[in-house]
Amino acid sequence: MKILAFAASNSRNSINKTFVTSVSKYYKEKDDVIDILDLNDYEMPIYSIDRELESGIPQLALDFAAKIDEADFLLISIAEYNGSYNVGYKNIIDWVSRIAGRKTFNGKPVFLLATSPGPMGGTTVLTTAVNRITWDGAEVLDSFSLPQFANNFEVGKGVTSIEHRSKLEAKVRATKRALKEKLLKSV
């Protein structure tokens, strides 16, 4: 299985990237490939219809779409900026959505995550993302929010809170079962 994981953030020190990288290890089995993207590698001009008409779709948007298409499963940890998406992520999605003949996520199964320093753990943007990403062609298998990142996560150990780790691991098991069923049906 090819797994594509990324944080919906363009912060170089993104806690969401640290989080999604850690969660991706739950999915690594014998022959699986995990590709962890950095959105900074896909920085493009701010989307506008004028730019699209003048220059077309940037190659980086096509490259990002190809990464989605190559994957069997997506792990995305959504960063929350003032209750909404990070502008870097939103811009990439805006460009990819303009590629003719496709929904942004082309039916891919997704496990959505979020974390933040605060007690809500990015739940505002995660709720928005769960609803929006389905419209953009993703199949949301589940979602999980980790509040107070600094108190509940340690690099090298992952989620340290027993309560949050138990909830996360239950959702990982459920998404893995759903993925296996989906892959069996496609054979």
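**Note on the fold and salt bridges of a predicted model**

1. The side chains of Lys171 and Asp142 come together in a salt bridge, with an N to O distance of 3.0 Å. This pair connects distant parts of the chain, since Lys171 belongs to helix α7 (residues 162–186) and Asp142 to strand β5 (residues 139–146), 29 residues apart. Lys171 is partly exposed at a relative accessible area of 24%, and Asp142 also counts as partly exposed, at 21% relative accessibility. The structure under discussion is a predicted model, and the values in this note should be read with that in mind.

2. A second salt bridge joins the side chains of Asp35 and Lys67, at 2.9 Å from N to O. Here too distant parts of the chain are linked, with Asp35 in strand β2 (residues 33–37) and Lys67 in helix α3 (residues 59–70), 32 residues apart. Asp35 has a relative accessible area of 26% and is partly exposed; for Lys67 the relative accessible area is 26%, and this residue is partly exposed.

3. Helix α3 also takes part in the salt bridge between Arg102 and Asp69, whose closest N and O atoms lie 2.9 Å apart. Because Arg102 sits in the loop between α4 (87–96) and β4 (109–115), while Asp69 is in helix α3, the pair ties together parts that are 33 residues apart in sequence. Arg102 counts as buried at 16% relative accessibility, as the cut-off for buried is under 20%, whereas Asp69, at 36%, counts as partly exposed.

4. The three pairs above are among the 13 salt bridges counted in the model. As for charge overall, the protein chain carries 24 positive and 23 negative side chains, and the centres of these two sets are 5 Å apart.

5. The secondary structure consists of seven helices and seven strands, which follow one another from the N terminus in the order β-α-β-α-α-β-α-β-α-β-α-β-β-α. The radius of gyration is 16 Å, close to the 16 Å given by the globule rule for 187 residues, so the protein chain is as compact as a globular protein of that length. The C-alpha trace spans about 55 × 45 × 25 Å along its principal axes.

6. On packing and surface, 43% of the 187 residues count as buried, and the accessible surface of the protein chain comes to about 9700 Å², with 52% of that area belonging to carbon and sulfur atoms. Among contacts between residues at least 6 apart in sequence, 78% join residues at least 24 apart.

Key: Residues numbered from 1 in each chain as written. Predicted model: local features only at pLDDT ≥ 70, side-chain atom pairs only at ≥ 80, totals over all residues. Heavy atoms only, no water. Helix = DSSP H or I, 4+ residues; strand = E, 2+ residues; numbered from the N terminus. Rg over C-alpha atoms; globule rule 2.2 N^0.38 Å. Buried < 20%, exposed > 50% of the residue type's maximum accessible area, 1.4 Å probe, protein only. Contact = heavy atoms within 4.5 Å. Areas by Shrake-Rupley, 256 points an atom, 1.4 Å probe, with all protein chains shown as cover. Lys, Arg positive; Asp, Glu negative; His and termini not counted. Charge placed at Lys NZ, Arg CZ, Asp CG, Glu CD. Salt bridge = Lys/Arg side-chain N within 4 Å of Asp/Glu carboxyl O.
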